[in-house]
Amino acid sequence: MDHRSGQKRAVEYLYPPVEPFDQRQIDMGDGHRIYVEQCGRPDGVPVLVLHGGPGGGCSPAMRRYFDPEVYRVILFDQRGCGRSRPTAAVAANSTWHLVSDIETIRELLGIDRFVLFGGSWGATLALIYAITHPDRVRHMVLRGVFLGTRSELDWFYGGGAGAFFPDLWARFLEPIPEAERGDMIGAYHRRLFSGNLLEEMRFARIWAQWENALASVSTEGAWHESPSDYARAFARLENHYFVNGCFLESDGWILQNRDRIEQIGATIVQGRYDMICPPAAAWRLAQGWRRCDLRMVGMAGHALSEPGISAGLVSVMNGLRPLMKDL
């Protein structure tokens with residue numbers, strides 16, 4: 001959190017805390033039970049919140065980006081994380097399972113079309129869902145765009161970001177033998193899925209620490225510990241998706257299929273100094289998309305909790321209120 005003089009904290013831009021009016025577990029019939037909650041106005045404009053990771057789970061703060069008198073906010077923990085069960089499970093857990101889960105949720109809740117609200121991996125999933133179900137999307141609000149490409153993964157796990165944080169990159173490399181460092185995702189995969197719970201938790205914490213340390217421009221690379229259970233679910237799921245190229249048919253699949261969503265409006269709130277998902281991806285996504293509004297936020301990184309990012313997202317959702325009747 002940015003505590004500089006004159007700079008508001010992110011929480012000061014948000015609506016007051018709100019409790020869900022509905023919480024449920026949905027049995028998907030293949031061994032997974034998905035946690036879903038709703039808050040805000042039961043007959044309001046439906047907004048589906050897509051959390052990051054994969055494996056990050058939702059938090060109560062995510063309910064607070066929306067005017068509760070206008071929006072019906074649906075949050076769910078994606079397979080294997082948060083309050084969904086089983087925790088850290090990768091069987092029957094792919095991008096296409098998540099797209100199917102969104103459709104199941106939409107149908108069970110009797111929703112025709114959503115506004116999609118997602119950041120980082122949540123932005124990826126929003127774009128993939130919109131490409132495959134364009135008639136179910138009213139608008140997209142995206143943050144910290146990740147397109148699921150090899151070049152983006154190489155940036156973060158191949159030394160690109162490490163050039164700016166060599167001390168932290170060295171800590172991420174240190175437990176991996178030099179002979180394996182040419183493929184850090186693969187090297188961590190072998191350890192995160194070793195079957196040795198203590199080893200999996202140890203490497204999961206290091207995996208999560210590397211990402212968390214670079215999330216905000218205001219943390220100055222602080223190396224924070226995550227709870228072991230959270231870190232294991234987060235790291236295993238994220239690594240599982242990245243080893244499998246996010247389960248997309250080709251590298252660059254989202255941009256290759258962007259024409260399917262160009263009739264949908266989108267607003268992107270992107271940190272100028274995002275070290276996890278650099279702005280180049282958001283720029284490429286927005287170029288030539290007439291209905292896409294890219295808003296760069298100066299002095300902001302990747303995290304949802306960055307003050308400038310939070311302010312920008314609340315402003316976007318407030319600005320959409322009078323337009324919803326026409327979308």
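**Exercise 1. How much space lies in the largest pocket? Describe its lining.**

Solution.

Step 1. The structure is a predicted model. Its largest pocket holds about 960 Å³ of space.

Step 2. Count the lining: 40 residues line this pocket, and those nearest its centre are M62, R143, A303, L304 and S305.

Step 3. Assign the lining to elements. Two or more residues each come from strand 3 (45–50), strand 5 (114–119), strand 6 (137–143), helix 6 (197–213), helix 7 (228–243) and helix 10 (307–320). Strand 5 contributes the most, with 3 residues.

Step 4. Sort the lining by class: 20 residues are nonpolar, 17 are polar and 3 are charged.

**Exercise 2. Find the cavities of 30 Å³ or more in the whole structure, and describe the lining of the largest cavity.**

Solution.

Step 1. The search returns 2 cavities of 30 Å³ or more. The largest cavity contains about 120 Å³ of space, and the second largest has a volume of about 30 Å³.

Step 2. The largest cavity has 13 lining residues; nearest its centre are F146, Y157, F242, I276 and C277.

Step 3. At least two lining residues come from each of helix 3 (150–157) and helix 7. Helix 3 gives the most to this lining, with 4 residues.

Step 4. The class count for the largest cavity is 8 nonpolar, 2 polar and 3 charged residues.

**Exercise 3. Which residues line the second largest cavity, and how do they divide by class?**

Solution.

Step 1. The lining consists of P54, G55, Q78, R79, C81, N93, L98, L237 and Y241.

Step 2. By class, the lining of the second largest cavity has 5 nonpolar, 3 polar and 1 charged residues.

**Exercise 4. Describe how helix 5 packs against helix 6.**

Solution.

Step 1. Choose the descriptors. The angle between the axes and the distance between them describe two packed helices.

Step 2. Apply them. Helix 5 (residues 184–192) and helix 6 have axes that cross at roughly 145° and come within 8 Å.

Step 3. Name the residues in contact. From helix 5 these are I185, Y188, R191 and L192, which meet E199, E200, F203, A204, I206 and W207 of helix 6.

Step 4. Classify this contact: 7 of its residues are nonpolar, none is polar and 3 are charged.

**Exercise 5. Is helix 5 mostly covered or mostly exposed? Name its packing partners.**

Solution.

Step 1. Take buried to mean under 20% relative accessible area. By that cut-off 7 of the 9 residues of helix 5 are buried, and the helix is mostly covered.

Step 2. The buried residues are M184, I185, G186, A187, Y188, R191 and L192.

Step 3. These buried residues pack against helix 3, helix 4 (166–173), helix 6 and helix 7. Among them, I185, Y188, R191 and L192 take part in the contact with helix 6.

**Exercise 6. Why is the protein chain as compact as a globular protein of its length? Add the figures for the whole chain.**

Solution.

Step 1. List the elements: the protein chain has 10 helices and 8 strands.

Step 2. Compare the radius of gyration with the globule rule. The chain has a radius of 19 Å, close to the 20 Å that the rule gives for 327 residues, so it is as compact as a globular protein of that length.

Step 3. Give the extent: the C-alpha trace spans about 60 × 50 × 40 Å along its principal axes.

Step 4. Give the burial: 57% of the 327 residues are buried.

Step 5. Give the contact range. Of the contacts between residues at least 6 apart in sequence, 73% join residues at least 24 apart.

How values were computed
Residues numbered from 1 in each chain as written. Predicted model: local features only at pLDDT ≥ 70, side-chain atom pairs only at ≥ 80, totals over all residues. Heavy atoms only, no water. 1 Å grid on protein atoms, 1.4 Å probe; cavity = no way out; pocket = protein on both sides within 12 Å on 5 of 7 lines; lining within 4 Å. Points joined across faces, edges and corners; volume = space filled by probe spheres on them. Nonpolar A, V, L, I, M, F, W, Y, C, P; charged D, E, K, R; others polar. Axes fitted to C-alpha atoms, helices over the stretch in contact; angles between N-to-C directions. Contact = heavy atoms within 4.5 Å. Rg over C-alpha atoms; globule rule 2.2 N^0.38 Å. Buried < 20%, exposed > 50% of the residue type's maximum accessible area, 1.4 Å probe, protein only.
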